[in-house]
Amino acid sequence: MQLTPTLAIFVDVQNVYYTCRQAYKQNFDYNRFWQEVTHGYEVKHAFAYAIGRDDEKQKQFQNILRAIGFEIKLKPFIQRADGSAKGDWDVGITIDMMDIAQSVDKLVLVSGDGDFAMLLDRISEKFQKPTDVYGVPSLTSDMLIRSSARFIAIDDTLLL
């Protein structure tokens with residue numbers, strides 16, 4: 001009896017929101033993505049990394065993600081004195097992917113951030129696990145695309 005392969009999903013919510021808005025002026029379709037990415041796999045972990053704002057619309061969005069099957073990880077939104085803002089999950093995503101890589105058959109990252117290229121290279125070298133990347137082609141780092149086992153373009157089929 002062949003076991004169903006396992007999967008872990010890591011979504012950089014801010015990155016996918018802003019790249020889809022910039023490139024297409026549309027939103028990412030998390031339901032359609034879930035159906036596509038999980039087909040034929042048992043989902044062991046699914047994380048959506050977001051910035052926590054005390055905003056009703058954000059809470060509704062987070063509840064939708066939970067209903068789909070994601071565990072939401074929130075980091076506080078930090079507004080600096082100079083007016084700039086801070087809030088990214090690069091280190092948290094990196095730690096989680098390294099911690100989980102050995103326990104699943106495949107990892108999927110939804111982000112275009114080139115900072116993750118070195119992480120995917122390390123996962124491939126250390127654990128021999130494939131990493132798929134979903135990203136907006138025009139806004140995804142070439143290094144990240146090269147580091148992934150497979151790059152899947154976010155296009156009309158994954159937009160609302």
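1. Packing of helix 4. In this predicted model, the buried residues of helix 4 pack against strand 1, strand 2, strand 3, strand 6 and helix 5. The residues concerned are Asp-90, Gly-92, Ile-93, Asp-96, Met-97 and Ile-100. Viewed down the axis of helix 4, these buried residues fall within an arc of 165°, so they line one face of the helix. The face turned away from this buried side carries Val-91 and Asp-99, both exposed.

2. The loop before helix 4. Asp-88 sits in the loop that connects strand 5 (85–86) to helix 4. Asp-88 has a relative accessible area of 35% and is therefore partly exposed, the range between 20% and 50%. Setting aside neighbours within four places in sequence, Asp-88 is in contact with Ile-51 and Lys-75. Asp-88 and Asp-105 are 17 residues apart along the chain, and their C-alpha atoms are separated by 27 Å.

3. Helix 5. Residues 117–127 form helix 5, in which Ala-117, Leu-119, Leu-120, Ile-123 and Phe-127 are buried. Down the axis of helix 5 the buried residues fall within an arc of 165°, so they too line one face of their helix. Met-118, Glu-125 and Lys-126 are exposed on the other side of helix 5. The buried residues of helix 5 are covered by elements including helix 4 (90–100), strand 6, strand 7 (131–135) and helix 6 (142–147). Just after helix 5 comes Gln-128, with a positive phi of about 55°.

4. Strand 1 and its partners. Strand 1 covers residues 6–12, and 7 of its 7 residues are buried. Thr-6, Ala-8, Phe-10 and Asp-12 are buried on one side, and Leu-7, Ile-9 and Val-11 are buried on the other. In a regular strand, side chains alternate between the two faces of the sheet. Strand 1 runs parallel to strand 2 and is joined to it by 7 bridges; Thr-6 has Glu-42 of strand 2 as its bridge partner. Strand 1 also runs parallel to strand 6 (residues 106–110), with 5 bridges joining the two. In this second pairing, Phe-10 stands opposite Leu-109 of strand 6.

5. Thr-38. Which residues does Thr-38 touch, not counting those up to four places away in sequence? They are Leu-7, Ile-9 and Val-43. Thr-38 belongs to helix 2. With a relative accessible area of 13%, Thr-38 is buried, because the cut-off for that class is under 20%.

6. Helix 3: length and ends. Helix 3 has 13 residues (56–68), which at 1.5 Å a residue should span 18 Å; its end C-alpha atoms are 19 Å apart, in agreement with that figure. Asp-55 caps the N-terminal end of helix 3, with a side-chain oxygen 2.8 Å from the backbone nitrogen of Lys-57. Gly-69 follows helix 3 and has a positive phi, near 140°.

7. Helix 3: burial. Gln-62, Leu-65 and Ile-68 are the residues to note here, being buried in helix 3. Seen down the axis of helix 3, the buried residues fall within an arc of 115°, so they line one face of the helix. Glu-56 and Ala-67 are exposed on the other side of helix 3. The buried residues of helix 3 pack against helix 2 (30–38), strand 2 (42–52) and strand 3 (71–76).

8. The nonpolar cores. In soluble globular proteins, nonpolar side chains tend to be buried together. The largest nonpolar core here has 26 residues, of which Phe-33, Phe-70 and Ile-154 touch the most other members. At least two residues of this core come from each of strand 1, helix 1 (13–24), helix 2, strand 2, helix 3 and strand 6. Helix 2 supplies the largest share, 4 residues. Phe-70 is in contact with Ile-9, Val-11, Tyr-30, Phe-33, Trp-34, Ala-46, Phe-47, Ala-48 and Leu-65, leaving aside neighbours within four places in sequence. Apart from the largest core lies another, of 20 residues, and Phe-10, Ala-101, Leu-120 and Leu-144 are among them.

Notes
Residues numbered from 1 in each chain as written. Predicted model: local features only at pLDDT ≥ 70, side-chain atom pairs only at ≥ 80, totals over all residues. Heavy atoms only, no water. Expected span 1.5 Å × (residues − 1). Buried < 20%, exposed > 50% of the residue type's maximum accessible area, 1.4 Å probe, protein only. Arc of directions from axis to C-beta. Contact = heavy atoms within 4.5 Å. Polar contact = N/O pair within 3.5 Å; in protein donor to acceptor, adjacent residues only side chain to side chain. Pairing = 2+ DSSP bridges. Core = buried A, V, L, I, M, F, W, Y, C linked by side-chain atoms within 4.5 Å.
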